[in-house]
Amino acid sequence: MEMFIPDSLLKTLQEIGEIGGTDAYLVGGSVRDLILKRETHDIDIVVEGDAISVAENVKTYWHGEIQVHHQFGTATVTSANPTYPKIDFVTARCETYQQPATLPNVEEGTLTDDLLRRDFSINALAMRINSDDFGDVIDITGGIEDLKTGTIRVLHDDSYFDDPTRIFRAFRYAGRYSFRINETDSDLIREALPFISDLSGERIRNELDRILLEDNATEIVRMLSEFDVFEVIFKDWRITPDLINGLKTAEDSIKWSSIHLKDDTLLKKNIRWMALFGLDESGCLPTYHIEALCYRLVLDHQLHRIAGHQKETVCEEESATVLRGVFEKVGYGLADNTTFDFINGKWCLVDSGNKSTYIYDEGDIYKIQTPLATYSGLKNVLSKIVEDTRDSEIYHLLREFPLETLALGCTDGNLSELHRECINNFLLRQRSVKPIITGDDLIQWGEEPGEHFQKILHYLFAAQLDGRISCKQDAFTIFQEYKQ
């Protein structure tokens, strides 16, 4: 397949090739994307031998900066020329897995070793960048043929078992490039699915974060759901068609926010995750399930201690019996269908009967709080808003919700036009309104400072929001009426 290398990248690679010689190669996704004539951002150079030494020489030549990780034999070089991309230099290595879903043992190796350790054939490509052979592609796994046929294929049958995160990546690449997953790979994925449970929450979350950033995220999520991947992560997590459509709502919300909320710091990731947890009643996960998932995947959450008890030693075989006793002693009886999982160094209890999730750690019991579970709460609050609801009431109903939750509501077609307008008005006008009257004004009007100050100020601010106050004279009149 013909390769197109932009002039700016061509010059960069030629300069690295002059320094690294025949020991340095462009590898992986960069080669794949150049063959597919797609823009590439991550430039990885594999060096047979000492990658750090080559990186140091490139840094000197470019008058740039370098970050070195000696323990991994890697370095990142940033040129003084801002038009040059950051370049990652990696010493060629081989990897072996002692057991599934664990990080591999790494040793220095050859280019062939380095290519054979990779996930898919389309990523196991290298390109020579030395002056004599510049542009020659090294393909020892049939990656070019798979690029021609649009096929996702791992390099050996144990690949998904060794690293189950490759399951997520297989679907991500399939969705990004409109490729198909090899039939044999589909069978291997189904066999390896249970090992997803052995992955740390951070590794799963990182893979899903990358998927949610893809232009074709909805299709990738749909493909993952067809393989029951989400139910392996959390048994009650079922992806409905409405939930998948919610991801489009999330992207609409992010676009809307980029125009209307430029001065705010918005956690776009949280908007996407809220959509993935469901927006409408039929597909929305209950709050206690969202709490459990946020803990499992180390998403945005806090633990709030609700009870303490004498520390109990809890082994896996006796977890249900011991923990039930602990919870009963502090007044939290657990339903029969409660599940007990040791996650992230603590016990996570999902009590479906009482619709609660708890964390137990060394005698202390915690509840999970997360902004990602606030969307159903927003819908409950919106149900209280009707045509003649005062602006001050709407303000006080909406002000406690995270910005991301409200931004999502602005574009959610499941909400009524009235409720979307209320959210829009709050975000674009109400929340920036400053009180006309302060405590100093009350003192000037003869009011003695005290606890009642806040009540008076609250009353006057509500009158301001409702349009009854537009200046201090109006406020003084309202104040006198309030005092009578």
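This report walks through the overall build, one covered helix and the charged side chains of a predicted model.

**The chain as a whole**

Let's start with the big picture. The protein chain has 22 helices and 16 strands, and its C-alpha trace spans about 95 × 60 × 40 Å along the principal axes. Of its 484 residues, 49% count as buried. Take the contacts between residues at least 6 apart in sequence: 62% of them join residues at least 24 apart. As for the outside, the accessible surface comes to about 23800 Å², and carbon and sulfur atoms account for 45% of that.

**A helix under cover**

Helix α13 is worth a look on screen. Spanning residues 268–276, α13 is mostly covered, with 7 of its 9 residues buried. The buried ones are N270, I271, R272, W273, M274, A275 and L276. So what covers them? The cover over the buried residues of α13 includes α9 (201–212), α10 (217–226), α11 (229–233), α12 and α18 (403–410). After α13 comes G278, which has a positive phi, near 110°.

**Charges and their pairs**

Now for the charged side chains. The chain carries 50 positive and 82 negative charges, and the mean positions of the two sets are 4 Å apart. Side chains of opposite charge can pair when their charged atoms come close. Here the count comes to 29 salt bridges. Three of these pairs are set out below.

| Salt bridge | N to O distance |
|---|---|
| D236 and R238 | 3.9 Å |
| D252 and K248 | 3.2 Å |
| D364 and R305 | 2.9 Å |

Take D236 and R238, whose side chains meet at 3.9 Å, N to O. The cut-off for a salt bridge is within 4 Å, so this pair counts. D236 is partly exposed, with a relative accessible area of 22%. Its partner R238 is partly exposed too, at 46% relative accessibility.

The D252 and K248 pair sits inside a single helix, α12 (residues 241–260), where the two are 4 residues apart, or about one helical turn. An α-helix has 3.6 residues a turn, so residues three or four places apart point the same way. D252 is partly exposed at 28% relative accessibility, while K248 is exposed, with a relative accessible area of 53%.

What about D364 and R305? Their side chains meet in a salt bridge at 2.9 Å, N to O. D364 lies in strand β16 (residues 364–369) and R305 in strand β12 (residues 302–308), so this pair ties together parts that are 59 residues apart in sequence. R305 counts as exposed, at 53% relative accessibility.

Some bridges join up into something bigger than a pair. D119, D163, R169, R172, R203, E207 and R210 are linked in a network of salt bridges.

**A negative patch**

Which residues gather in a patch of negative charge on the surface? They are D157, D158, E183, D187 and E191. One of them, D187, is found in helix α8, which covers residues 183–192. D187 counts as partly exposed, with 42% relative accessibility. A patch residue needs over 30% relative accessible area, so D187 clears that bar at 42%.

Conventions. Residues are numbered from 1 along each chain as its sequence is written. This is a predicted model: local features need pLDDT of at least 70, side-chain atom pairs count only at pLDDT 80 or more; totals for chains, interfaces and linings use all residues. Side-chain values use heavy atoms; hydrogens and water are left out. Buried means under 20% relative accessible area, exposed over 50%, partly exposed in between (1.4 Å probe, protein chains only). Patches are made of residues with over 30% relative accessible area and no salt bridge: like charges are joined within 9 Å, nonpolar side chains (Val, Leu, Ile, Met, Phe, Trp, Tyr) within 5 Å. Accessible areas come from the Shrake-Rupley method with a 1.4 Å probe; for residues, only the protein chains shown count as cover. Lys and Arg count as positive and Asp and Glu as negative; His and the chain ends are not counted. The place of a charge is taken as NZ of Lys, CZ of Arg, CG of Asp or CD of Glu. Contact means heavy atoms within 4.5 Å.
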